Amino acid sequence: MYIHLGEDISVYDSTVMGIFDLENTTIGKDTRAYLERLEQAGCVVNVSQEMPKSFVVCFDPEDGTEKAYISPISVATLKKRANTMF
């Protein structure tokens, strides 16, 4: 199944490693460093030009890479979408 992250972006639910609140998690030094590393590797996708509220980390089993999707959708809404699929 898919989880819609906003605009035209959806991901397979089985690839989702975590759904995080952008405001609360980017306070931490480690999270900022992690996102910066992904951005430098070209593995960050900004889903929309709207105000970002969350980021979703996905794992691609085919090539072993991680990708972060910056989404304007709240963590609560994304979790509801993910939970309705199980």
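This talk covers one helix, one pocket and the cysteines of the structure above.

The model is predicted, so local features need pLDDT of at least 70 and side-chain atom pairs count only at pLDDT 80 or more, while totals for chains, interfaces and linings use all residues. Residues are numbered from 1 along each chain as its sequence is written, and side-chain values use heavy atoms, without hydrogens and water.

First, the helix. Helices here are DSSP runs of H or I with at least four residues, strands are runs of E with at least two, and both are numbered from the N terminus. H2 covers residues 29-40, and its end C-alpha atoms are 16 Å apart. That agrees with the 16 Å expected for twelve residues, the expected span being 1.5 Å times one less than the number of residues. Glycine 42, with a positive phi near 75°, follows H2.

Next, the pocket. On a 1 Å grid over the protein atoms alone, a pocket is an open set of points with protein on both sides within 12 Å along at least five of seven lines, where a 1.4 Å probe fits; lining residues have an atom within 4 Å of a point. The largest pocket has a volume of about 180 Å³, counted as the space filled by probe spheres set on the points. Strands S2 (9-12), S5 (54-60) and S6 (65-71) each give two or more residues to its lining.

Last, the cysteines. How many disulfides does the structure hold? Zero, taking a disulfide as two cysteine sulfur atoms within 2.5 Å. The sulfur of cysteine 43 is 12 Å from the closest one, in cysteine 58, too far for a bond. Cysteine 43 is buried (under 20% relative accessible area, 1.4 Å probe, protein chains only) at 15%, and cysteine 58 is buried at 5%.

Conventions:
Buried means under 20% relative accessible area, exposed over 50%, partly exposed in between (1.4 Å probe, protein chains only).
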